[in-house]
Amino acid sequence: MSGICAHFALTLGKFHLDAAFDAPGRGITALFGPSGSGKTTLLRCLAGLERAPGGRLSVNGEIWQDENTCLPIHRRRLGYVFQEANLFPHLDVCRNLEYGWKRIPQAERRVGLDQAVELLGIGHLLERNPAWLSGGERQRVAIARALLVSPDLLLMDEPLAALDQASKADILPYLERLHDELEIPVVYIGHSPDEIARLADFMVLMAQGKSVASGPLKDMLARLDLPLAHGDEAGVAIDTVIGEHDESYHLTRLDFAGGAISVAQAPHPLGTRVRLRIHARDVSITLERHGDSSILNVLPVTVSEIADEGPAQVMVRLDAAGAPLLARITRKSCAVLGLEPGMAVYAQVKSAALLA
Amino acid sequence: MIPSTFDFAPIWLTLRLATITTLLLLLIGTPLARWLSRTQSWLKRPVGAAVALPLVLPPTVLGFYLLVMLGPQGPGGHLTQALGLGLLPFTFAGLVFGSTLYSLPFVVQPIQNAFEALGERPLEAAATLRAGPWDRFFSVAVPLARPGFVTAIVLGFAHTVGEFGVVLMIGGNIPGATRVLSVAIYDHVEAMEYAQAHWLAGGMLAFSFLVLLALYGPSKRMQESKS
């Protein structure tokens, strides 16, 4: 059976974990939830760092743990990136990178030293001692070190949490390259919806030690029964392709099944796949297509669901040819427009952020 | 000048005793320190206290019990005789046994502290990088705990060189077999041979001072270079 199938139940003091998920065998799966919801404990169970008798885990058909087997940590073909880089202080960067690489058989090495060094941009750091690296550099070395064991599964515990905004922005492109260039499935704990919308393909939502829901990221972000689709950060992620650069107005048109969206000119060549983030607060609804609005991006959509969002507002889920959109509008507007599920309307997108 | 009748045997014997004892202590003390540093068993406190006993007990107390235990009537004595080792009191092997017990805290505690300061995290990282339990112990825990090992070796060695009470109780004063430095000094003083006593005592003083200087000197310098 392909994919990552996991089920773990564990009690640590007063904390109970009982979480299960089936995630695809490629791409990035995000574990998301408030702090204390058991994300790190679940990740440690996957790695075998937390002993959880009775747990089950298979990774792309290979059983790592079930009733009869429980592979010790060092026999699980995984890579683990800790929240704090956790580099070996007694070894320089190069020896840190080689530590795991030397310990796997030559035939299993799918990631080369040069490749990892290049991918994470750490060539100039190889001779240094970890103590002299910045937080962002340290984390990049840690990621490269984990990749160098050619893992079948890469586990990342909030690799950006300990970093300042600048270092975060520094690392995200590397994580995206990782996603695009290597076929290694990743389970990733992230702490901001925007960060996860940017990186993840699949999401497991955690609360109070339990896995509450899981599914493809795009669906999860727009599910009105889940907390993600509420609040100021609520919004969807849409995968699009660069369709046209409009040099005269410095705009780029992004195409997807539900239509086209123009954004400020992007540097990517035509045909590049990029992800858009559209917040619910930036989407409004009209019944007719207005030609006289300053808003460029108007998409024909169908209302699929309406949910309360506080006393004055509602959250409307829209369907743009299969791609969900969220719009946060006032309760009054909703009544005036007479919105109901099934209605064909237009979504005006005031702004959209290119994520990659 | 060194007196012509000067007997070097106690010096070599002492060095041999301290070397063997230190090596034994590393073999026994390292796993014990590792266990103490990570166990959550209720045994941790009693075992830790027992290891620390020689720090507070008069050496003669330890020596007395060892003598009784390992003597022909004691359980330890029965055991060594049954194993064909004979009786340990008043032999070099008995000295090694007593010294090992007596210097145990000086070796276990620095190593234990080093392991505790290290924590589990580097070892977890090593485990996720395919290192098995022995591999990660020797490639990560030991190198990172090196300052603790250095302290343990120096203190264990020096303390064994300097002991008197346990040695006298369990070893007696047999030239060439159990007559170590500290006992020899005592003998010389008893015999009013102050010249010999001076040479030995002065040598011990210089040795101890140099050992402690070596121990405290570098760490001071390292702290300065870090700041």
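The exercises below walk through the two chains of this predicted model, each with a worked solution.

**Exercise 1. Find the domains of chain A and describe how they touch.**

Let's begin with the boundaries. Domain 1 of chain A covers 4–221, and domain 2 of chain A covers 235–354. Taken over C-alpha atoms, the centres of these two domains lie 33 Å apart.

Next, look at the contact itself. Domain 1 of chain A supplies seven residues and domain 2 of chain A supplies six residues. On the side of domain 1, the elements that give two or more residues are helix 6 (193–199) and helix 7 (217–221) of chain A. Helix 7 of chain A gives the most to this side, with four residues.

Finally, sort the residues on the domain 1 side by class: three are nonpolar, none is polar and four are charged.

**Exercise 2. Work out how strand 1 and strand 2 of chain A are connected.**

Start with the pairing. Strand 1 (residues 4–12) and strand 2 (residues 15–23) of chain A run antiparallel and are joined by nine bridges.

Now follow the chain to the turn. A:Leu12 has A:Phe15 of strand 2 as its bridge partner. Two residues lie between the strands, which form a hairpin. One point to check on your backbone plot is A:Gly13 in the turn, with a positive phi of about 60°.

**Exercise 3. Determine how helix 3 and helix 4 of chain A pack.**

First, the geometry. The axes of helix 3 (residues 113–120) and helix 4 (residues 135–147) of chain A come within 9 Å and cross at roughly 150°. Angles over 145 degrees count as roughly antiparallel, so that is how helix 3 of chain A lies relative to helix 4 of chain A. The crossing of these two helices is right-handed.

Then the residues. From helix 3 of chain A come A:Ala116, A:Val117 and A:Leu120, which meet A:Arg140, A:Ile143, A:Ala144 and A:Leu147 in helix 4 of chain A. By class, this contact has six nonpolar residues, no polar ones and one charged.

**Exercise 4. Lay out two five-stranded sheets of chain A and identify their edges.**

Take the sheet with the order 13-12-11-14-20 first. This sheet of chain A is open, has five strands and shows antiparallel pairing. Strand 13 (259–264) and strand 20 (353–354) of chain A each have a single partner strand, so one side of each is left without a neighbour in the sheet. Strand 20 of chain A pairs with strand 14 (residues 273–279) of chain A in the antiparallel sense over two bridges. Here A:Leu276 stands opposite A:Leu354 in strand 20 of chain A.

Turn now to the sheet with the order 15-19-16-17-18. This is an open sheet of five strands in chain A, with antiparallel pairing. Its edge strands are strand 15 (283–286) and strand 18 (323–330) of chain A, each of which pairs on one side only. On average, neighbouring strands of this sheet are turned by 45° against each other, direction ignored.

Within this sheet, strand 16 (residues 297–309) and strand 17 (residues 313–320) of chain A pair in the antiparallel sense over seven bridges. A:Glu309 has A:Gln313 in strand 17 of chain A as its bridge partner.

**Exercise 5. Describe the architecture of chain B, then analyse one helix pair in it.**

Count the elements: chain B has eleven helices and zero strands. Its C-alpha trace spans about 65 × 50 × 30 Å along the principal axes.

For the pair, choose helix 3 (residues 59–70) and helix 5 (residues 92–118) of chain B, whose axes come within 11 Å and cross at roughly 135°. Helix 3 and helix 5 of chain B are therefore oblique to each other. Their crossing is right-handed.

At this contact, B:Pro59, B:Leu62, B:Gly63, B:Leu66 and B:Leu70 in helix 3 of chain B meet B:Gly94, B:Gly98, B:Leu101 and B:Tyr102 in helix 5 of chain B. The classes are six nonpolar, three polar and no charged.

**Exercise 6. Characterise the contact between chain B and chain A.**

Begin with both sides: 13 residues of chain B and 18 residues of chain A take part. On the side of chain B, helix 6 (121–128) and helix 7 (133–144) of chain B are the elements that give two or more residues. Helix 6 of chain B gives the most, with six residues.

To finish, classify the chain B side: eight residues are nonpolar, two are polar and three are charged.

How values were computed: Residues numbered from 1 in each chain as written. Chains lettered and ligands numbered in written order. Predicted model: local features only at pLDDT ≥ 70, side-chain atom pairs only at ≥ 80, totals over all residues. Domains from an automatic or database assignment. Contact = placed C-beta atoms within 7 Å. Nonpolar A, V, L, I, M, F, W, Y, C, P; charged D, E, K, R; others polar. Pairing = 2+ DSSP bridges. Axes fitted to C-alpha atoms, helices over the stretch in contact; angles between N-to-C directions. Parallel < 35°, antiparallel > 145°, perpendicular 65-115°, else oblique. Left-handed = near helix turned anticlockwise from the far one by under 90°.
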